[in-house]
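Biologist: I would like to go through the labels given to this structure and hear the reasoning behind each one. Please set the values against the criteria as we go.

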Amino acid sequence: MRTTFLFWAFNVVSLVTLLLLLAMVRKDTTVQVRFLMLFALVVGVGYYFFSERSAFYIHTSAARTSHSLESTGPIDLAAVWDNQEDGFFRGVQLAVEEINARGGVALDPERSGRSARPIRLSRFFERDGQESDKVQYELARQVAIVAVVGHRSAEQAISASLTYDNNKLLYLASTVSDPRLTGHGFRNVFRSIPDDKQLAGALVAYCRNRGAGRIALLYPRTPYGNTLAAIFRDRLRASNPNVEDREHALSIATMQSYAPGEDDFSALVSNLGNYQYDAILIADALPRAGALIREIRMRGIDQLIIGSDAMASPRLWEASGGQARDVVVASLLPADGTAPAAMAVEFARNYLARYGMPPDNWASEGYEAVRLLAQAWERAGTTLPAAVGSALRAYRGWRGLYGEYGFGQDGEVLDRPVYLKQMQQGQFVAVGSFGESSENGIGLALRGAGGKGRLQGLNGEAAAFPRQHDGAGVLSE
């Protein structure tokens, strides 16, 4: 509606400008005529590009709405990723195969014309530079596609979200944690994972719980590194006003950045000797984060090292040359052996049987995204993006691999925890979990000594909750 109004408003303004131009030409006022001709030229060029873009949005949006309401054929789903080596496409494909094997998505027969419809998957690959825009528009132009999952690059996902929303195309981001994605108030954009603010909040709460009050923050000068470093700094500062004992307030001992292509961290690590700190936060991804950890440990620095989900891979041990001992990461998935839900166990078993390898984080998120969309289509009784978006916001019991969650009005996921894991001899073991939602507040559940867990909030208040250690690496009531 907004785009349609702007389109016709621009038409009216252009017509009025043209009439004024004709009137001035009749007066034969040379300076004014030249000025208005130049102005008309600018307006005309702007009109051309704006009208082309607006007509594209209007046409595709209307055609997609019509198709969603009238189609009785397969449900067209698009998945976007930057390669085929990671497990994202495989996880998406497995979910599609399982849903289709049971007969498809069960929609309202009165709306869809049939009781169940299969999912038809289309794959698109991210490209660099201006080529990335072509992928977005090529995808949006296909009016049969009603939903998109994926995008590995946060910058491309944020750019694409505008195209998808304007074309009334539902976008479910299951791998992008940059908070900017949902900051525009788009009605067709959702994120099914905790964002960087929650990941940073979990690490801040963990540092406070462990008494690590002074943190050295190391990050690359990349969009991801700059964003995560700034968010961690802000979350750390925001956690201090409610701390009664100022001696226990958290602080940044030093913030040091490095070039995106850096592979020699000797000078950076040597410079850390000029500061007093209790923990080191590395706001980077593998394999570069592993090389930095190796340099830190080889220098004999034994302080706590923490990192975000970009380091939460078993490859961390190999990338660090076996030096990532006791490194703690905030992750979207729990550690192996922590009694995951039956759905997660079944997924891991089926994935291994289908592809001959265990699923990685990307595979899990791709699989969960498709299963979530299938639930939303069935609950809405239609694939119409607007109706599906309303259903996603209204219901708070969507079944995921590791529990149930919902979505806020801004499209952000609610009630999905962040898991804390520690690397020990090449494997992650569970440390705790961090929950944040609009209803339940925030808190960190950690494994503690003597079979007790601790609930540690960002304000420093702690309360024990009775859980017993069963001797098998699992906390149980």
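Biologist: How many bridges join β12 to β16, and do they run parallel or antiparallel?

Modeller: This is a predicted model. Four bridges join β12 to β16, and the two strands run antiparallel. One of the partnerships puts Ala-330 opposite Leu-420 of β16.

Biologist: What makes β11 and β12 a strand pair?

Modeller: The criterion asks for at least two bridges. Two bridges are found between β11 and β12, in the parallel sense, so the criterion is met. Ile-306 has Val-328 of β12 as its bridge partner.

Biologist: Which residues of β12 lie on each side, and are they buried or exposed?

Modeller: Val-328 and Ala-330 are on one side, Val-329 and Ser-331 on the other, and all four are buried. In a regular strand the side chains alternate between the two faces of the sheet. Strand β6 reads likewise: Leu-170 and Leu-172 point one way, Tyr-171 and Ala-173 the other way, and all are buried.

Biologist: How do you know that β6 is paired with β5?

Modeller: Three bridges join β5 (residues 145-150) to β6, in parallel. At least two are needed, so this counts as a pair. Within it, Val-149 is bridged to Leu-172.

Biologist: What else does Val-149 touch, leaving aside its neighbours within four places in sequence?

Modeller: Its contacts include Leu-77, Val-80, Phe-88, Val-92, Leu-172, Ala-369 and Leu-373. Val-149 is also among the residues that touch the most other members of the largest nonpolar core, along with Trp-377, Leu-392 and Phe-407. That core has 44 residues, and its largest share, 10 residues, comes from α13. A second, separate core of 31 residues includes Leu-217, Ala-279, Leu-332 and Val-431.

Biologist: Why is Gly-91 called buried?

Modeller: Buried means under 20% relative accessible area. Gly-91 has 0%, so the label applies. Gly-91 sits in helix α3 (residues 88-101). Beyond its neighbours within four places in sequence, Gly-91 is in contact with Tyr-351, Ala-363, Gly-366 and Tyr-367. Its C-alpha atom is 9.9 Å from that of Tyr-355, 264 residues apart along the chain.

Biologist: Tyr-367 appears again in an aromatic pair. Why is the pair of Phe-347 and Tyr-367 called tilted?

Modeller: By the pairing rule there are 12 aromatic pairs. For Phe-347 and Tyr-367 the centres are 4.3 Å apart and the planes are at 35 degrees. The distance limit is 6.5 Å, and stacked needs under 30 degrees while edge-to-face needs over 60, so tilted is what remains. The pair links helix α12 (residues 342-355) with helix α13 (residues 361-380), 20 residues apart. Phe-347 and Tyr-367 are both buried.

Biologist: What makes Arg-379 count as lying over the face of Tyr-395?

Modeller: The distance from the ring centre is 3.7 Å, and the limit is 6 Å. Lys-421 also lies over a ring face, that of Phe-428, at 5.0 Å from the ring centre.

Biologist: How do you know that Glu-368 and Arg-416 form a salt bridge?

Modeller: Their closest N and O atoms are 3.8 Å apart. The cut-off is 4 Å, so the bridge counts. Glu-365 also meets Arg-416 in a salt bridge, at 2.8 Å. Glu-365 is in helix α13, while Arg-416 is in the loop between β15 (413-414) and β16 (418-424), 51 residues away.

Biologist: Why are Glu-368 and Arg-416 called buried?

Modeller: Glu-368 has a relative accessible area of 6%, and Arg-416 has 7%. The limit is 20%, and both values are under it, so both residues are buried.

Biologist: What makes Asp-302 exposed and Arg-325 partly exposed?

Modeller: Asp-302 is at 56% and so counts as exposed, the threshold being over 50%. Arg-325 is at 34%, which falls between the 20% and 50% limits, so the label is partly exposed. Their side chains meet in a salt bridge at 3.5 Å, one of 16 in the structure.

Methods
Residues are numbered from 1 along each chain as its sequence is written. This is a predicted model: local features need pLDDT of at least 70, side-chain atom pairs count only at pLDDT 80 or more; totals for chains, interfaces and linings use all residues. Side-chain values use heavy atoms; hydrogens and water are left out. Rings of Phe, Tyr and Trp (its six-membered ring) pair if their centres lie within 6.5 Å; planes under 30 degrees apart count as stacked, over 60 as edge-to-face and the rest as tilted. Buried means under 20% relative accessible area, exposed over 50%, partly exposed in between (1.4 Å probe, protein chains only). A charge sits over a ring if NZ of Lys or CZ of Arg is within 6 Å of the ring centre and within 35 degrees of the ring normal. Contact means heavy atoms within 4.5 Å. A nonpolar core is a set of buried Ala, Val, Leu, Ile, Met, Phe, Trp, Tyr and Cys residues joined through side-chain atoms within 4.5 Å.
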